[in-house]
Amino acid sequence: MNKRMTHAACTSILVGKDATIDGSTIIARNEDNYVAIAPKRLIIRAAKDYHSEYFVSANNGFRWLLNGPALRYTATPDRDASAGLYEESGINGHNVAMSATESAYANNQVLAADPLVGNGIAEDAMVSVVLPFVKSARAGVERLGQIVTQSGAAETNGVLFSDASEVWYMEIATGHQWVAQRIPSNAYAVVANQLAIQEINFADQENFITAPGLQDFVVLNHLNPRPATFNFRVIFGTQTQEDVHYNSPRVWEGQRVLTPTVIQQPEATDLPFVQYPDQRLSLADIQRVLRSHYNGTRYDPLGTTGDQNSREKYRAISLSRTQNSHILQIRADKPEALAAIQWVAFGISAFSPYVPFYSNSTVIPQAYAQTPAKVTLSSAYWLYRVLAVLVEPHYLKLAPTVVDFLTECERIALQHVTATDHLSELLPDNVISTVLTQANTEMTQQFMTKTQAFLGELVIKNSALSKLTFAMDKNL
């Protein structure tokens, strides 16, 4: 078997319905990779019935028996599935959203007591074997928990679930030990490659779900340094230099943006898992966090405020290795057929627009559904990769132009969603999916055309910024 491949280094946001401006639930994540280029695509898996068929992972041989009806769902798999599907993010036919995973690390003591399982479930398989089979966010936690309990986990991971009412964050720490917490409806959480959940209330089964025997496992193996409490992060997590410089600053940045009245330090190791926004959050707020490279601070690697050491000190949220940034929105004020939108930004989120896709559709436009191996501007993934290559070298000079482009894209997207909602609310249910499919196609075409034109502008602007220039006599 080939060496098992892993994706890593993501940043996640989860927002309860009473913390958003329109009552939506939101889960969102930057899907990062170890390599700079790992092409993604957006697809729809059709509903089907399984009759004792095994899912077998190309990644590590993980097997799980699939039975019964599977719902239609969207997914963002890797272009090359030879190392595993990595479907990563999607919304199913019951408007349940899932994003997997937020890679994390457990400490040596807990892993010694319950090692990871080489052929257990891993990131590449999670969406594929869970999302099509669940009708609520809680059911998603329970199904994945059952799989981990029975077959074990190959990685330490965090997994995001949401439906119209609830948002859950699940952490799989060791081979068989896991916990999930419901995000309070008026709160949010930002997670960055750390085990983040803190105090567990085992009596509160409305807000916490845990692996069977979790308490006994900790007691029997003498793992809790604070026996009067049960802090999952303290018991199972790590506190390393990587946490201080790679992970904690991203949580600090997300909370700084969404709750600016709370003053914290970027290297703090006790940043709260659950935080409360200063005001109700919009899609633009979530996008601002996912696009962040510590904008406006001395830690911005593209800025000029700090010295070189400061600008290189912390790992940013938006990264050159970001492949797919997504916001999965389930809207409470819309009919079920219209409620779910998957906002997708391929490439570096700092420079790419978020394009809305209604999940209740039948097909995804070719620009997103098919990603060739080689660069072509007819592919959304490659188009936005080229955009980043043109912007980043001259970011300080091009930033105002890029901000204008993204602001205009945001306006177009919101107007498109509003118009599509108004049209679709007047239609019978049996034609809505067709209308939404057409709406997705129109939105894709508009964004592809607009971005291609913007690339032309950047080529002209960049030509005047070349260092291979000299003051010349216009008559020569």
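How many residues does helix 6 (residues 241–258) have, and what span does helix 6 reach from its first C-alpha to its last? In this predicted model, helix 6 has 18 residues and reaches 25 Å, close to the 26 Å expected at 1.5 Å a residue.

## Helix 6

The course of helix 6 is interrupted by a kink of about 40° at S248, shortly before the proline P249. Of the 18 residues in helix 6, 13 are buried, and the helix is accordingly described as mostly covered. Helix 6 lies across strand 1 and strand 12, and its direction makes about 150° with that of strand 12.

## The sheet containing strands 1 and 12

Strand 1 and strand 12 belong to an open sheet of six strands in the order 12-1-2-14-15-16, with antiparallel pairing. At its edges are strand 12 (188–191) and strand 16 (355–358), each of which pairs on one side only. On average, neighbouring strands of this sheet are turned by 15° against each other, direction ignored. Strands of a sheet pair through backbone hydrogen bonds, either parallel or antiparallel.

Within this sheet, strand 1 pairs with strand 2 (residues 25–32) in the antiparallel sense over five bridges. I13 has A28 in strand 2 as its bridge partner. T11 lies in strand 1, which covers residues 11–15. T11 counts as buried because its relative accessibility is 0%. Beyond its neighbours within four places in sequence, T11 is in contact with several residues, including A28, N30, D32, E102, V190, V191, R250 and R315.

## The second six-strand sheet

A further open sheet of six strands follows the order 7-8-9-10-11-13, and its pairing is antiparallel. Strand 7 (89–91) and strand 13 (208–210) are the edge strands, each pairing on one side only. From one strand to the next, the twist averages 15°.

Strand 8 (residues 97–103) and strand 9 (residues 157–162) are antiparallel partners joined over six bridges. In this pairing, S99 stands opposite L160 of strand 9. Helix 2 (residues 123–130) lies across strand 7, strand 8, strand 9 and strand 10 (167–172), at about 165° to strand 8. Helix 3 (residues 137–151) also packs on the sheet, where it touches strand 9, strand 10, strand 11 (178–182) and strand 13. The direction of helix 3 makes about 10° with that of strand 10.

## Helix 3 and its surroundings

Helix 3 has 15 residues and reaches 21 Å from its first C-alpha to its last, close to the 21 Å expected at 1.5 Å a residue. Its buried residues are A137, G140, V141, R143, L144, G145, I147 and V148. An α-helix has 3.6 residues a turn, so residues three or four places apart point the same way.

The buried residues of helix 3 pack against strand 5 (63–70), helix 2, strand 9, strand 10, strand 11 and strand 13. Just after helix 3, G152 takes a positive phi of about 85°.

## Nonpolar cores

The largest nonpolar core has 63 residues, among which I286, I327 and Y368 touch the most other members. Helix 11 (residues 395–424) supplies the largest share of this core, with 10 residues. A second, separate core has 36 residues, including M98, V127, F133 and I147.

I327 has contacts beyond its neighbours within four places in sequence, among them I26, I27, A28, L283, I286, L290, I341, W343 and Y354. A28 is thus named in three settings: as the bridge partner of I13, as a contact of T11 and as a contact of I327.

Note on methods
Residues numbered from 1 in each chain as written. Predicted model: local features only at pLDDT ≥ 70, side-chain atom pairs only at ≥ 80, totals over all residues. Heavy atoms only, no water. Helix = DSSP H or I, 4+ residues; strand = E, 2+ residues; numbered from the N terminus. Buried < 20%, exposed > 50% of the residue type's maximum accessible area, 1.4 Å probe, protein only. Contact = heavy atoms within 4.5 Å. Core = buried A, V, L, I, M, F, W, Y, C linked by side-chain atoms within 4.5 Å. Pairing = 2+ DSSP bridges. Axes fitted to C-alpha atoms, helices over the stretch in contact; angles between N-to-C directions. Expected span 1.5 Å × (residues − 1). Bend = angle between axes of the 7 residues up to and from the residue.
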